[in-house]
Amino acid sequence: MNVLRRAIQASLLVGVVGTTAFAQSLGDAKKAIDAEKFQEAKTILKKLISSDAGKGENYFYLGNIYLRDDYVDSAKATYTKGVAAEASYPLNYVGLGAVDLEAKNAAGAKANFDKAISLAKRKDNSPYLYIGKAYTNADPADYTAAIASLEKAKEINEKDAEVFLALGDAYRGSKKNSEAFGAYRTAFDMDKTLLRAEIEQGILIKQSKAFQESADKFKSVLAVNANYAPAYRELAETYYLWAKAEPQQYDARIKEALGYYTKYLDLTDRSLESRMRYADFLVLAGEYKALEAEAQEMAKQDKANPRIYRYLGYSLYENGNFAGSVQALKDFMSKVDPKRVIAQDYLYLGQAQLKAGDSTGVVSLAKAVEIDSAYAEPISELAKAQFSERKYGLSADLYELAVKNAASKTYLFDYFYLGMANYFDYATKAPEVQKASREDLVKADSAFSLVSQKSPSTADAYLYRARTNRLLDDDANPKGLMVPHFEKYIEVIAAKPDGLADARNKKNLVEAYNNLGAYYIRTDQTKAKDLFNKAIALDPANEYALSVLKTLK
């Protein structure tokens with residue numbers, strides 16, 4: 001749910017092209033699209049097609065709405081009908097090219113774009129304009145190709161405000177904010193009715209965290225047209241970001257934000273499309289009670305739309321209905337094109353499955369990390385919770401996912417607890433099961449090794465590596481696998497100014513001295529005695545050290 005992308009998409013739908021046979025009615029559809037009244041626009045366009053099925057441009061604008069709302073098959077079918085209705089009209093070929101970009105079919109897209117250009121009249125810049133928009137809106141976008149096409153559109157008509165608006169979108173997408181701002185400003189200077197250009201300038205200002213100035217820009221648009229819905233949506237999102245930036249004002253600004261979004265909904269006739277924008281905002285704002293209610297209302301409008309089940313899945317999880325969340329997200333994934341399933345969907349599904357007692361949630365979480373390694377970070381908390389509940393095997397599986405993001409702030413912590421989870425998973429198993437579980441110890445040793453390399457002063461990494469290797473060693477013929485790690489633990493603790501002031505450190509040092517003493521009894525009894533004496537110096541009543549020393553004497 002990319003709010004920025006959807007905001008740009010709205011501007012991609014509008015343009016001034018074609019003949020004037022139905023100029024007023026088509027103009028009404030365009031105004032509805034610009035105001036984000038998409039249901040109204042679809043109604044107008046369908047009526048236009050019904051009254052004159054041979055007009056290609058009506059199909060084009062209807063197809064654009066379908067494409068914007070991710071109904072790719074409907075968009076393709078509509079553009080195809082447009083081509084059949086008026087084969088000489090170029091823009092439906094651009095629409096088919098945009099569908100090809102969605103399908104990652106670059107060759108098909110180019111063929112359709114070239115066909116559109118070949119059909120255009122010499123002074124018609126619209127194919128280049130919409131090709132540029134298609135590249136801007138593709139996933140992934142190709143801003144270089146977009147700007148190149150838009151520059152050709154500008155060469156044909158350098159006074160076309162729509163071209164500069166589209167250039168602004170392409171520049172903004174490519175992080176060239178100064179050029180984007182200039183393009184939007186030029187677009188508005190050319191056409192003072194093009195309020196979208198003012199909105200886009202306000203968005204750029206918002207991105208620089210100048211929230212007051214951004215809000216002022218949107219309010220200036222409302223001073224011109226108090227019913228211009230996009231301005232209310234942008235005000236809502238500005239106040240949301242402003243609230244996050246200044247926590248002391250959070251409640252008041254979130255309240256204002258929700259009020260602006262309610263106004264946006266009222267002005268956009270609460271169509272399913274505008275409600276989805278609102279739902280996206282509620283996800284951002286963390287308003288999950290409101291999101292659940294909104295999703296339930298959307299389901300009454302259109303149960304077939306898969307995105308509704310995504311919103312239900314997210315909100316039901318956050319509101320504690322884990323079984324309901326699992327079902328909703330599975331419904332979503334069964335209905336939607338697989339390429340539309342994002343990492344966050346799998347994250348929510350995996351979390352809900354684990355909360356519902358289904359350990360296959362690990363598989364869902366693995367898919368989330370596979371799509372985007374950044375999602376490894378929130379899995380750390382899940383792993384920690386399972387460790388606290390002594391579900392060490394499940395905790396280890398989760399920590400395996402958590403450490404896949406080396407940039408995570410908890411990377412070393414996660415690796416240490418990956419070792420701990422594997423160690424305790426082995427140690428808490430019955431002896432007959434342990435024989436088949438030695439791989440747990442190997443994994444633990446590897447994890448502790450990495451922590452000690454990355455953070456040499458972490459004493460517990462050496463301590464647990466020593467304990468792990470003691471279990472890995474052969475009891476009948478020990479090779480001393482634990483020795484270097486216990487010795488390193490002693491060295492690290494000795495280097496700490498207050499190392500012996502900690503009772504836990506003393507207890508662990510006694511363990512280290514006793515284990516080392518036990519190993520050296522066979523090869524160096526003098527050294528063994530010295531180690532046991534060090535244990536007694538820290539714990540004079542230590543029974544094991546006292547009994548061994550007595551035997552040695």
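What is the mean pLDDT of the chain? This model is predicted, so let us begin with the predictor's confidence.

**Exercise 1.** Find the mean pLDDT and the stretch below 50.

*Solution.* Start with the chain: its mean pLDDT is 92. Next, 96% of its residues reach 70 or more. Then turn to residues 1-24, where the pLDDT is below 50. Beyond near neighbours in sequence, this stretch has 83 contacts in the model.

**Exercise 2.** Describe the surroundings of Gln353, and decide whether Gln353 is buried or exposed.

*Solution.* First, locate Gln353 in helix 20, which spans residues 343-355. Second, take its relative accessible area, 5%. Buried means under 20%, so Gln353 counts as buried. Third, look for touching residues: leaving aside those up to four places away in sequence, Gln353 touches Val326, Lys330, Asp358, Thr360, Gly361 and Ser364. Finally, Ser364 also makes a polar contact with Gln353, side chain to side chain, at 2.7 Å.

**Exercise 3.** Which helices does the salt bridge between Arg467 and Glu511 tie together?

*Solution.* Begin with the pair itself: the closest N and O atoms of Arg467 and Glu511 are 2.6 Å apart. Arg467 sits in helix 27 (residues 459-472) and Glu511 in helix 29 (residues 503-520), so the bridge links parts that are 44 residues apart in sequence. Arg467 is buried, at 12% relative accessibility.

**Exercise 4.** Place the salt bridge of Glu234 and Arg233 in its network.

*Solution.* The side chains of Glu234 and Arg233 meet at 2.8 Å, N to O, and both residues are buried. Through shared partners, salt bridges join Asp34, Glu36, Arg196, Lys206, Arg233, Glu234 and Arg277 into one network. The structure holds 30 salt bridges.

Notes: Residues numbered from 1 in each chain as written. Predicted model: local features only at pLDDT ≥ 70, side-chain atom pairs only at ≥ 80, totals over all residues. Heavy atoms only, no water. Helix = DSSP H or I, 4+ residues; strand = E, 2+ residues; numbered from the N terminus. Buried < 20%, exposed > 50% of the residue type's maximum accessible area, 1.4 Å probe, protein only. Polar contact = N/O pair within 3.5 Å; in protein donor to acceptor, adjacent residues only side chain to side chain. Contact = heavy atoms within 4.5 Å. pLDDT = per-residue confidence, 0-100. Salt bridge = Lys/Arg side-chain N within 4 Å of Asp/Glu carboxyl O.
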